[in-house]
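Student: I have a chain open on my screen and would like to talk it through. Could we begin with the overall fold and then move to single residues?

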Amino acid sequence: MGVVSQPVSTLLREYQDYVLAFRLRRALGGRVAPKGALLPLNVYARKRIERQSLAMALVRKEIPLAGLREIDRLTSETAFGFWHNPSEVADFLRAATRQGGHPALGSPEAFASLFTSAEHARLGGRAKDVCVHYLTCLSLAAPGIDPVALEHVYRRLEAFDVPLFVDELPQADRTA
């Protein structure tokens, strides 16, 4: 079983999601704060590939179940699934609520404060749509969400093509 190839823009959006999750977690601070510095793209990619390889090895029973700890550590460090996994979103929101929350969790204007001025300029009029997209991701954690409502939320998320815009991405790749 080989590595599934994805378009570069999809992989860059995944990194962009990581950057925004990092910024949100840093803004909230406390227990949800990231444990280290923001990973540059090349280090993120290496850790993401390592996580994927470990997960495949675990499925093929090539490593012991104890390998789950390393997968969990890499999942946390790379914020893998942070925005699109209802369980991850719910865990994050519970922890964020316990420590008092943050305006960026419910307001597009407050969420936009996570963007740099260059990112605001790059997004132009799409900034609010991008904020609404990420806030919609947070609604995946709604307790008791029924399957039809969950499917509706996923359709809303998939209908919006998030542009590449964060400063941490290479200049040439932001137009993809």
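Tutor: Certainly. This is a predicted model, and the secondary structure of its chain consists of eight helices and zero strands.

Student: What pattern does the chain follow along the sequence?

Tutor: Read in sequence order, the pattern is α-α-α-α-α-α-α-α.

Student: What radius of gyration does the chain have, and what would a compact globule have?

Tutor: The chain has a radius of gyration of 17 Å. A compact globule with 176 residues would have one near 16 Å, so the two values agree. Along its principal axes, the C-alpha trace spans about 50 × 40 × 35 Å.

Student: And how much of the chain is buried?

Tutor: Buried residues make up 40% of the 176 residues. The accessible surface of the chain comes to about 9800 Å², and carbon and sulfur atoms account for 58% of that surface.

Student: What share of the contacts comes from residues 24 or more positions apart?

Tutor: Taking the contacts in the chain with a separation of 6 or more, 68% are between residues 24 or more positions apart.

Student: Let us turn to helix packing. How does one describe two packed helices?

Tutor: One gives the angle between their axes and the distance between the axes. For helix H1 (residues 8-28) and helix H2 (residues 41-59), the angle is about 105° and the axes are 11 Å apart. H1 is therefore roughly perpendicular to H2, since angles of 65 to 115 degrees are counted that way.

Student: Which residues meet there?

Tutor: From H1, the residues are Leu12, Glu14, Tyr15 and Tyr18; from H2, they are Leu41, Tyr44 and Arg48. This contact of H1 with H2 divides into five nonpolar residues, no polar ones and two charged ones.

Student: New topic: Val89. Where is Val89 found, and is Val89 buried or exposed?

Tutor: Val89 is found in helix H4, which covers residues 86-98. Its relative accessibility is 1%, so Val89 counts as buried; the cut-off for buried is under 20%.

Student: What is Val89 in contact with?

Tutor: Setting aside neighbours within four places in sequence, Val89 is in contact with Phe82, Trp83, Cys137, Leu138 and Ala141. Val148 is 59 residues from Val89 in sequence, and their C-alpha atoms are 18 Å apart in space.

Student: Could you take me through His133 in the same manner?

Tutor: His133 lies in helix H7 (residues 127-138). With a relative accessible area of 7%, His133 is buried. Apart from neighbours within four places in sequence, His133 is in contact with His84, Leu157, Phe160 and Val162.

Student: And Thr75, is that residue buried or exposed?

Tutor: Thr75 counts as buried, because its relative accessibility is 11%. Thr75 is found in helix H3 (residues 67-77). Leaving out neighbours within four places in sequence, Thr75 is in contact with Arg51 and Phe80.

Student: Now the loops. Which sign does phi have in most residues other than glycine?

Tutor: Most residues other than glycine have a negative phi. Lys61 has a positive phi of about 60° although it is not a glycine, and Ala79 has a positive phi of about 55° although it is not a glycine.

Student: Where are Lys61 and Ala79 found?

Tutor: Lys61 is in the loop between H2 and H3, while Ala79 is in the loop between H3 and H4.

Student: Is each of them buried or exposed?

Tutor: Lys61 counts as exposed, because its relative accessibility is 73%. Ala79, with a relative accessible area of 12%, is buried.

Student: Last, the end of the chain. What can you tell me about Pro147 and Phe165?

Tutor: Pro147 is found in helix H8 (residues 147-159). At 66% relative accessibility, Pro147 counts as exposed; the cut-off for exposed is over 50%. Phe165 lies in the segment after H8. Phe165 has 1% relative accessibility and therefore counts as buried.

Student: How far apart in space are Phe165 and Val8, and Pro147 and Phe111?

Tutor: Phe165 and Val8 are 14 Å apart, C-alpha to C-alpha, with their positions 157 residues apart in sequence. Pro147 and Phe111 are 36 residues apart in sequence and 27 Å apart in space, again C-alpha to C-alpha.

Notes:
Residues are numbered from 1 along each chain as its sequence is written. This is a predicted model: local features need pLDDT of at least 70, side-chain atom pairs count only at pLDDT 80 or more; totals for chains, interfaces and linings use all residues. Side-chain values use heavy atoms; hydrogens and water are left out. Axes are lines fitted to C-alpha atoms, for helices over the stretch in contact, and angles run from 0 to 180 degrees between N-to-C directions. Helices (H or I, at least four residues) and strands (E, at least two) are DSSP runs, numbered from the N terminus. Angles under 35 degrees count as roughly parallel, over 145 as roughly antiparallel, 65 to 115 as roughly perpendicular and the rest as oblique. Contact means heavy atoms within 4.5 Å. Ala, Val, Leu, Ile, Met, Phe, Trp, Tyr, Cys and Pro count as nonpolar, Asp, Glu, Lys and Arg as charged, and the others, Gly among them, as polar. Buried means under 20% relative accessible area, exposed over 50%, partly exposed in between (1.4 Å probe, protein chains only). The radius of gyration is taken over C-alpha atoms; the globule rule is 2.2 Å times the number of residues to the power 0.38. Accessible areas come from the Shrake-Rupley method with a 1.4 Å probe; for residues, only the protein chains shown count as cover.
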